[in-house]
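Here is a short briefing for a reader who is new to this structure. Look over the sequence and the model first, then work through the points.

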Amino acid sequence: MIIQIITIIIVLFLLTRIGAKLKRKQISLQEALLWGLIWFGVGVVVLYPKLTDRLAAAIGLQSAKGIDLVVYLAVGLVFYLVFRLFVRLEKMEQDITKIVRHVALKDKEEQKD
Amino acid sequence: MRTLVNIPAYNEAAKIFNVVQQVKLAGYNVIVIDDGSVDATAQEAQRAGAKVLRHFVNRGYGAALTTGMNWAQQHDYDVVVHFDADGQHEVGDITKLLAPIFTGVVDVVLGSRFIKSDPNDPNSTRMTRIKIPFVRRLLLKAAILFTWLFSGIKLTDAHNGLRAFSRAALSKIDCRQDGMAYASEVIDQIAEHGLRYREVAVMIQYTEYSKQKGESNVKKILLGLRFLWGKFVR
């Protein structure tokens, strides 16, 4: 199946990127593990789609196919990541304001001297 | 008591000179926070005799006010008045704002354009004469309801740029909103610290200039969300 081959290639490529970033210390070990696990999971699901059907049945999703479960989880994950991004952004905005304010207050003091 | 009039200004070169000059003529010290303007706001304010602090990047209305408040604390001021740079306030209203703080009755005084007249109170006898555009009026009423719901303070005007704070209020209020959501946050802070407050009738001039400078109505609605989000991640 072509879609499986393409996805696996993409997943493998992303895994090497994570490895490279970890090596260059651009991301922490925790982050690398988290992302590695996510993409590894994607790879497994692509190779063995039947797995998700069994999983879906096991947790009681009756009419749903396994792929539905995957989509639910993916949406949940994206929500969580967007939330984290927003929190980060808020923190950064506040930090920028602190810096700008500090400079503004300092400038005035220097003028006085 | 030492009073500082705190004027945040973003690209207000056309108006700031007159505004500062009038406030200075009334006998107050003025600080203008030039919030990263790209025009001559800072120079004009300085020319009119204000102290000017400059944000080198635009950070918004709330951020500028907080910078002014910090400066006032560093320089031992007793009272800080918030005043808009676009000329929509009347300088004469500042005295009315200050009176309840000078007498020690309250810690915070908020300007209101909707306050009901009370014949017993000389501070509130003047009703607002000016016409407020309909959509503006609706939004302002919604803001009042919103503030009441989330901060538990029932005001007649929740988003008025004229405010005065005592030294006690200055040391307690801790606002982190950079933008216009500051107006909601500061009221929330008043509630949180149990500060004594009062509303006083003030005039707002709706000129073409101030209408153009103002944010769009859609953005104003989004401010409510901005405020709640800020409250959540605090």
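Val80(B) has Phe165(B) of β6(B) as its bridge partner. The model is a predicted one. The strands concerned are β4 (residues 79–82) and β6 (residues 163–165) of chain B, which pair in the antiparallel sense over 3 bridges.

**The sheet of chain B**

- The sheet is open and has 7 strands. Their order in chain B is β3-β2-β1-β4-β6-β5-β7.
- Its pairing is mixed. In general, strands of a sheet pair through backbone hydrogen bonds, either parallel or antiparallel.
- Which strands lie at the edges? They are β3 and β7 (197–201) of chain B, and each of them pairs on one side only.
- Ignoring direction, neighbouring strands of the sheet are turned by 20° against each other on average.
- β5(B) and β7(B) pair in the parallel sense. They do so over 5 bridges.
- Within β7(B), Arg198(B) is the bridge partner of Val109(B).
- Is β7(B) largely enclosed or largely open? In β7(B), 4 of the 5 residues are buried, so the strand is largely enclosed by the rest of the structure.

**Helices on the sheet**

- β4(B) and β6(B) pair over 3 bridges, and two helices of chain B can be placed against the sheet as follows.
- Helix α1 (residues 13–25) of chain B packs on the sheet. It touches β1 (3–9) and β2 (29–35) of chain B. The direction of this helix makes about 160° with that of β2(B).
- Helix α4 (residues 93–102) of chain B also packs on the sheet. It touches β1, β4, β5 (108–112), β6 and β7 of chain B. The direction of α4(B) makes about 145° with that of β5(B).
- Which residues of α4(B) are buried? Among them are Ile94(B), Lys96(B), Leu97(B), Pro100(B) and Ile101(B).
- The cover over the buried residues of α4(B) includes β1, β4, β5, β6 and β7 of chain B.
- Gly104(B) follows α4(B). Its phi is positive, near 75°.

**Loops of chain B**

- Asn11(B) sits in the loop between β1 and α1 of chain B. Asn11(B) is not a glycine, yet its phi is positive, about 50°.
- Asn11(B) has 18 other C-beta atoms within 10 Å, so it is partly exposed.
- Gly27(B) is placed in the loop between α1 and β2 of chain B. Gly27(B) is exposed because it has 9 other C-beta atoms within 10 Å.
- How far apart are the C-alpha atoms of Gly27(B) and Arg234(B)? They are separated by 38 Å, with the two positions 207 residues apart along the chain.

**The helix pair of chain A**

- Helix α1 (residues 2–23) of chain A packs with helix α2 (residues 29–47) of chain A. The angle is about 170°, and the axes are 10 Å apart.
- α1(A) and α2(A) are therefore roughly antiparallel to each other.
- On the α1(A) side, the contact is made by residues including Gln4(A), Ile8(A), Val11(A), Leu15(A) and Leu22(A). On the α2(A) side, the residues include Ala32(A), Trp35(A), Trp39(A), Gly43(A) and Val46(A).
- By class, the contact of α1(A) with α2(A) has 13 nonpolar, 4 polar and no charged residues.
- Lys25(A) lies in the loop between α1 and α2 of chain A. Its phi is near 60°, a positive value in a residue other than glycine.
- Lys25(A) counts as exposed because it has 8 C-beta neighbours inside 10 Å.
- Gln30(A) belongs to helix α2 of chain A. Gln30(A) has 8 other C-beta atoms within 10 Å, so it is exposed.
- Gln30(A) and Ala104(A) are 74 residues apart in sequence. In space they are 38 Å apart, C-alpha to C-alpha.

**Spans listed for chain A**

- An unreviewed UniProt entry lists residues 5–20, 32–49 and 69–87 of chain A under "transmembrane region".
- Residues 5–20 of chain A are 100% helix and 0% strand, and the end C-alpha atoms lie 23 Å apart.
- Residues 69–87 of chain A are 100% helix and 0% strand, and the end C-alpha atoms lie 27 Å apart.

**Where the chains meet**

- In the model, 13 residues of chain B are in contact with 12 residues of chain A.
- On the chain B side, β3 (51–55) and α3 (61–74) are the elements that give two or more residues.
- The largest share of that side, 4 residues, comes from α3(B).
- By class, the side of chain B that touches chain A has 6 nonpolar, 3 polar and 4 charged residues.

Definitions and conventions. Residues numbered from 1 in each chain as written. Chains lettered and ligands numbered in written order. Predicted model: local features only at pLDDT ≥ 70, side-chain atom pairs only at ≥ 80, totals over all residues. Contact = placed C-beta atoms within 7 Å. Nonpolar A, V, L, I, M, F, W, Y, C, P; charged D, E, K, R; others polar. Axes fitted to C-alpha atoms, helices over the stretch in contact; angles between N-to-C directions. Parallel < 35°, antiparallel > 145°, perpendicular 65-115°, else oblique. UniProt positions renumbered as here; feature names shortened; annotations may be inferred. Pairing = 2+ DSSP bridges. Buried ≥ 20, exposed ≤ 12 C-beta atoms within 10 Å, placed from the backbone.
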